[in-house]
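Student: I am new to this structure. Can we go through what the terms rest on?
Tutor: Yes. Take a look, then ask.

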Amino acid sequence: MKELSLNENDFRSFRDLIAKRSGIYFDPEKQELLKDNLLQRMADCGLSNFADYFNLLSSPAGDKEFDYLLNLITIPETYFFRDRGQFRALERFVIPELIEKKSYPGASLRIWSAGCSTGEEPYTIAMILAAGMVDMPIQILATDVSHDALKAAREGVYNGRSVRDMPQDYLNRFFTKKGEKYYLEDSIKQMVEFRYFNLVTEPYPLMEMSGWDIIFCRNVTIYFQAEATRKVIHNFHRSLREDGYLFAGYSESLRYMSNEFNTVQHEGAFFYQKGMPKKTVRKKTRKIRLRQGSTAPRAKKQGPKAVAGLKSDEVARICARAKKLLEMGQPEGASEILSPYLQESSTPGSVLLLQAEIALNQGDLEKAVHLCERILQGEPLSIAGHYLLGVVYLTWEDEGRAIEEFKKVLYLEPEHALARFNLGELYSQVGRLDEARLEYANVARLLEKMPGSLDERFAGGFSPALLIDTCLSRIRALEAKPRGTAGRRWDGAKRREGE
Ligand SMILES: C[S@@+](CC[C@H](N)C(=O)[O-])C[C@H]1O[C@@H](n2cnc3c(N)ncnc32)[C@H](O)[C@@H]1O
């Protein structure tokens, strides 16, 4: 079957059928990938030519087969607490605001995770609500078009990759580890209802899908054509309550897609609110906070402290305490420990570095940049300072500056695996695919020879083996694209808040 060729006309027919029925659009460079998926389904259906398979998909009985095809062509990549800043905004601003507004009898909170894949996103929302002990009826609906993904979501069993960015206290509290697998607690599983729902199929069942307080639809429309995305966003607008919130992925700005939403910014994270468009609205953390059921120790508030007289082992002890709280998902506690030592010009680089990491974790990118700059003023060749600054710019989607910083790291330490990996990610984002391939290959080679070249402080739970695997799978994905093709075009534009 492999020798069958998918000619240009056949490719366009399948591409248009798939785009119409799912929104997912195959660029010409993905023709081979589409062909492989079609061949796989044709083999399962016992068909030996593309025309017969196309007729099957287009026939009245083709819906079920189309769902099987969708299982193959959808991209299920997801993990718990993906884009942490947005979940922080949910916890500290959006939910407290909704709770305040909904003090009337019979009020409930309704959240829809659209394109939920294997469930990490809706379960993250459920855990945040459970940890915050929200005291009102909650509905969390999670939908997707991939039956395979929905089945895995209902099972609630995950691997290390899915939990790599999960705060440690959530992991301890809501999961049981058996072997290499993490089993989600039943009480969280029961909070989420999973259902098949195609975002692109018209007519949209608005009666059923309306009145949402919050919709999450992240990293779904990146695979769509602009027209399909516009339709989906408009439908979300109709499905939300007045003032309801929409969380989109970082690369799914609504700027050219809709003028029906306000952009909201909370501590560096962006999301949208239904309403007449104004300009970006900056929101402060609400005074009413979700109560945290965490058992982790709280740091005591302290006044300014002199650091000049501190011995280096005392500094190390203070940093270790703060680091521990950060790893337990308590950046505020960590920050409280360090803040008394930050006033002086002689603050050690290690304290500034950790505070910058905390600011990054809290989504306060401006503060993180300022702290990195302080580090680099004192120590211009600080590898960690340049590395962290690169990560901050990467989070800020300022690819140009991020690339510059990671290159500086490699100038100072050519074996810095994470800087190379991030360069690979950036090159691939801006369409410099040959350079991306090269960096991924370099990281894999480097880590095979020297696993110790992975700086654990910044590895975010990635082991050398996992990073090698990730690089190899990135190379495979790039191999599916012809050499020299551009991904997203990079015009060097700097995207900062409010722009
Ligand atoms: C990359 S995952 C994103 C998962 C999660 N939202 C996140 O950000 O981590 C994209 C998901 O969108 C789903 N999807 C693609 N087209 C869809 C459509 N037309 N309707 C609903 N879901 C769709 C895919 O099946 C896949 O599970």
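Tutor: Accessible areas here come from the Shrake-Rupley method with a 1.4 Å probe. The model is predicted.

Student: What makes up the accessible surface of the protein?
Tutor: The accessible surface comes to about 23700 Å². Carbon and sulfur atoms hold 52% of that.

Student: What share of the protein is called buried, and what makes a residue buried?
Tutor: Buried means under 20% relative accessible area. In this protein, 51% of the 499 residues are buried.

Student: Why is the pair between the ligand and S22 called a polar contact?
Tutor: The cut-off is 3.5 Å between N or O atoms. A nitrogen atom of the ligand is 2.8 Å from a polar backbone atom of S22. That is within the cut-off, so the pair counts.

Student: How do you know that R82 and L199 make polar contacts with the ligand?
Tutor: Use the 3.5 Å limit again. An N or O atom in the R82 side chain is 2.8 Å from an oxygen atom of the ligand. For L199, a backbone N or O atom lies 3.0 Å from a ligand nitrogen. Both pairs therefore qualify.

Student: How much of the ligand does the protein cover?
Tutor: On its own, the ligand has 600 Å² of accessible area, and the protein covers 98% of this.

Student: Which classes of residue form the shell around the ligand?
Tutor: Eight are nonpolar, eight polar and five charged. R82, among the closest residues, counts as charged because Arg is in that class.

Technical notes. Residues numbered from 1 in each chain as written. Predicted model: local features only at pLDDT ≥ 70, side-chain atom pairs only at ≥ 80, totals over all residues. Heavy atoms only, no water. Near = heavy atom within 4 Å. Polar contact = N/O pair within 3.5 Å; in protein donor to acceptor, adjacent residues only side chain to side chain. Buried < 20%, exposed > 50% of the residue type's maximum accessible area, 1.4 Å probe, protein only.
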